[in-house]
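Please look at the model shown here before reading on; the paragraphs that follow go from the whole chain to two residues in one strand, and then to the space enclosed by the protein.

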Amino acid sequence: GTLHAEDITWVEHDGIRYTFPQPQKIVLHTGAVTGNWVKVLNTVSIPKSDQTKDIFNMAIEHGTNPKNGNYAYIIQPTEKARQQKAEILINTDQLQAVRFGTYQIQAVFHSPGSLQYAPEKSISVTQPCLLMLDSSTQPNKLIVSEPTQTLTSLSITLNGTTYDVKLPTDNNCGRSQTVKLQ
């Protein structure tokens, strides 16, 4: 079915919470959808025939021809969302970053750039990528992915130390890489 709703601050589905820092107008569709993933990603493990699956599809309604629109949403497992505060560090066309609690930062770099996440602490990347800095474990770790699946490597500088990350190729393109930090 389809649901249109206004002033929504969060939605939970299948153990995931979608939190909107500013209330949003949304449209939600659920139900069976038929499609073919080969049109998106053609690998050995992807079924070649059409597949029909139940789908959860939520969209923020921006109106007709929005100009300079701004929105944000945070996706977390439901239990973590209830326990851990999420703070948006930056939300621009080039970089989006969120801090979860005191130990985790997640960022989407749409182009090479830098993020200062605390006084005298920063992350810089040489290519667009997705990354997560997890300082809840020892050693700390960076988890990196490159969703365009076109790069074979990129460099990340964390607080002055540069890490060269070799990215997966072939059927593993787009898969996350974990870098244990010194």
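**From the whole chain to its interior**

Of the 182 residues of the protein, 29% count as buried, and it should be kept in mind throughout that this is a predicted model. One helix and 14 strands make up the secondary structure that can be followed along the chain. Taken along the principal axes, the box filled by the C-alpha atoms comes to roughly 50 × 40 × 35 Å. The surface that the protein exposes amounts to about 12000 Å², and carbon and sulfur atoms supply 49% of that area. As for how the chain meets itself, 42% of the contacts with a separation of 6 or more are accounted for by residues 24 or more positions apart.

Strand E2, which covers residues 16–35, is a useful place to look in detail, and Gln24 has its place there. Is Gln24 buried or exposed? Its relative accessibility is 12%, and because buried means under 20% relative accessible area, Gln24 counts as buried. Apart from its neighbours within four places in sequence, Gln24 is in contact with Ala5, Glu6, Asp7 and Ile8, as well as with Ile60 and Tyr71.

Ile26 also lies in strand E2, and with a relative accessible area of 2% it is buried, since this value falls under the 20% cut-off. Which residues does Ile26 contact once its neighbours within four places in sequence are left aside? They are Leu3, His4, Ala5, Ile8, Val11 and Phe20, together with Met58, Ala59, Ile60 and Glu61. Ala5, Ile8 and Ile60 thus appear among the contacts of Gln24 and also among those of Ile26. Asp7, one of the residues in contact with Gln24, can be placed relative to Ile26 as well: the two are 19 residues apart in sequence, and their C-alpha atoms are 8.4 Å apart in space.

The last step is to ask about enclosed space. Rolling a probe the size of a water molecule over the atoms shows where empty space is left. In this structure there is one cavity of 30 Å³ or more, and about 40 Å³ of space lies in the largest cavity. Its lining is formed by Glu146, Gln149 and Leu151, by Leu167 and Pro168, and by Cys173, Gly174 and Arg175. By residue character, the lining of the largest cavity divides into four nonpolar, two polar and two charged residues.

Terms used. Residues are numbered from 1 along each chain as its sequence is written. This is a predicted model: local features need pLDDT of at least 70, side-chain atom pairs count only at pLDDT 80 or more; totals for chains, interfaces and linings use all residues. Side-chain values use heavy atoms; hydrogens and water are left out. On a 1 Å grid over the protein atoms alone, a cavity is a set of points where a 1.4 Å probe fits but cannot get out, and a pocket is an open set with protein on both sides within 12 Å along at least five of seven lines; lining residues have an atom within 4 Å of a point. Grid points are joined across faces, edges and corners, and a volume is the space filled by probe spheres set on the points. Ala, Val, Leu, Ile, Met, Phe, Trp, Tyr, Cys and Pro count as nonpolar, Asp, Glu, Lys and Arg as charged, and the others, Gly among them, as polar. Helices (H or I, at least four residues) and strands (E, at least two) are DSSP runs, numbered from the N terminus. Buried means under 20% relative accessible area, exposed over 50%, partly exposed in between (1.4 Å probe, protein chains only). Contact means heavy atoms within 4.5 Å. Accessible areas come from the Shrake-Rupley method with a 1.4 Å probe; for residues, only the protein chains shown count as cover.
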